[in-house]
Amino acid sequence: LVTPGSIAVIPFPGHATSILADVHDTPSGTAVLELTVPPRTFGAPPHIHSAEDEYFYVLEGRVDFLEREQVVSGTAGTLVVLPRGQLHGFWNSTDEPARMLLIIAPGAFAGFFDAVVAEIRAANVSDPNKVAELIARAAAQRGVQVLPEKIPAAARELLPP
């Protein structure tokens, strides 16, 4: 049972993340997270998971997704299924925050978010480009390939200078 306010928020760069259920909480080994993507923010750069499938369900606001090579927009009630091996990323190009549920299967990858924030704090990194390098390195260690060169033109304006 997860009740409002009972879960800590992980201040992951690009989106605040709350782990509602991790791999140890579910018999199927999935994880359920809630993401809040602030206005005009890049949530996750284009990347490919080698071992996880992700399911994004938009609760509030609008989120743009890179799905393979095309951009699709999702508003409240939209489910985006992103199987392993498929290029994807997401961002909020609006002036309102967006909220989503993210289901990860298998769910061990959910620990990535907390681990990255701990590493950023330990290294005392604040430069956005250094943070991006740290995230890409941590992702690669978990079998995720980050491909910043695949950021669509429509989303480039959201990147830090």
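**Exercise 1. In this predicted model, identify the bridge partner of His47 in strand 8, and then place strand 8 within its sheet.**

*Solution.* Begin with the residue pair: His47 has His88 as its bridge partner in strand 8. This bridge belongs to the pairing of strand 3 with strand 8, which is antiparallel and extends over four bridges. Next, turn to strand 5 (residues 62–67), which pairs with strand 8 (residues 88–92), again in the antiparallel sense and over four bridges. Here His88 appears once more, as the bridge partner of Glu67, while Leu66 is matched with Gly89. These pairings fit into an open sheet of five strands with antiparallel pairing, whose order is 6-5-8-3-10. At its edges stand strand 6 (70–75) and strand 10 (144–146), and because each has a single partner strand, one side of each is left without a neighbour in the sheet. Neighbouring strands of this sheet are turned by 25° against each other on average, direction ignored.

**Exercise 2. Determine which residues of strand 8 point one way and which the other way, and state whether they are buried or exposed.**

*Solution.* Sort the side chains by direction: His88, Phe90 and Asn92 point one way from the strand, whereas Gly89 and Trp91 point the other way. Then apply the burial criterion, under 20% relative accessible area; five of the five residues of strand 8 are buried, so by this criterion the strand is mostly covered.

**Exercise 3. Describe the sheet that contains strand 1 and strand 2, starting from the partner of Thr17.**

*Solution.* The bridge partner of Thr17 in strand 2 is Leu35, and the two strands, 1 and 2, pair in the antiparallel sense over five bridges. Extending outward from this pair gives an open sheet of five strands in the order 1-2-9-4-7, with antiparallel pairing. Strand 1 (16–21) and strand 7 are its edge strands, each pairing on one side only, and the twist from one strand to the next averages 20°.

**Exercise 4. Find which residues have the most contacts inside the largest nonpolar core, and which elements supply two or more residues to this core.**

*Solution.* The largest nonpolar core has 31 residues, and Phe56, Phe90, Met100 and Phe112 are those with the most contacts inside it. Two or more residues each come from strand 2 (31–37), strand 4 (53–60), strand 5, strand 7 (79–82), strand 9 (98–105), helix 1 (111–123) and helix 2 (128–141). To follow one of these residues further, set aside the neighbours of Phe112 within four places in sequence; Phe112 is then in contact with Phe12, Ile135, Ala138, Ala139 and Arg142. Apart from the largest core lies another, of eight residues, which include Phe42, Leu66, Leu87 and Trp91.

**Exercise 5. Characterise the largest pocket by its volume and its lining.**

*Solution.* The volume of the largest pocket is about 740 Å³. Its lining consists of 37 residues, of which Phe42, Ala44, Pro45, Ala132 and Ile135 lie nearest the centre. Strand 3 (41–49), strand 4, strand 8, helix 1, helix 2 and strand 10 are the elements that give two or more residues to this lining, and the largest share, eight residues, comes from helix 2. Comparing these results with the preceding exercise, Ile135 appears both among the contacts of Phe112 and among the residues nearest the centre of the pocket.

Technical notes: Residues numbered from 1 in each chain as written. Predicted model: local features only at pLDDT ≥ 70, side-chain atom pairs only at ≥ 80, totals over all residues. Heavy atoms only, no water. Pairing = 2+ DSSP bridges. Axes fitted to C-alpha atoms, helices over the stretch in contact; angles between N-to-C directions. Core = buried A, V, L, I, M, F, W, Y, C linked by side-chain atoms within 4.5 Å. Buried < 20%, exposed > 50% of the residue type's maximum accessible area, 1.4 Å probe, protein only. Contact = heavy atoms within 4.5 Å. 1 Å grid on protein atoms, 1.4 Å probe; cavity = no way out; pocket = protein on both sides within 12 Å on 5 of 7 lines; lining within 4 Å. Points joined across faces, edges and corners; volume = space filled by probe spheres on them.
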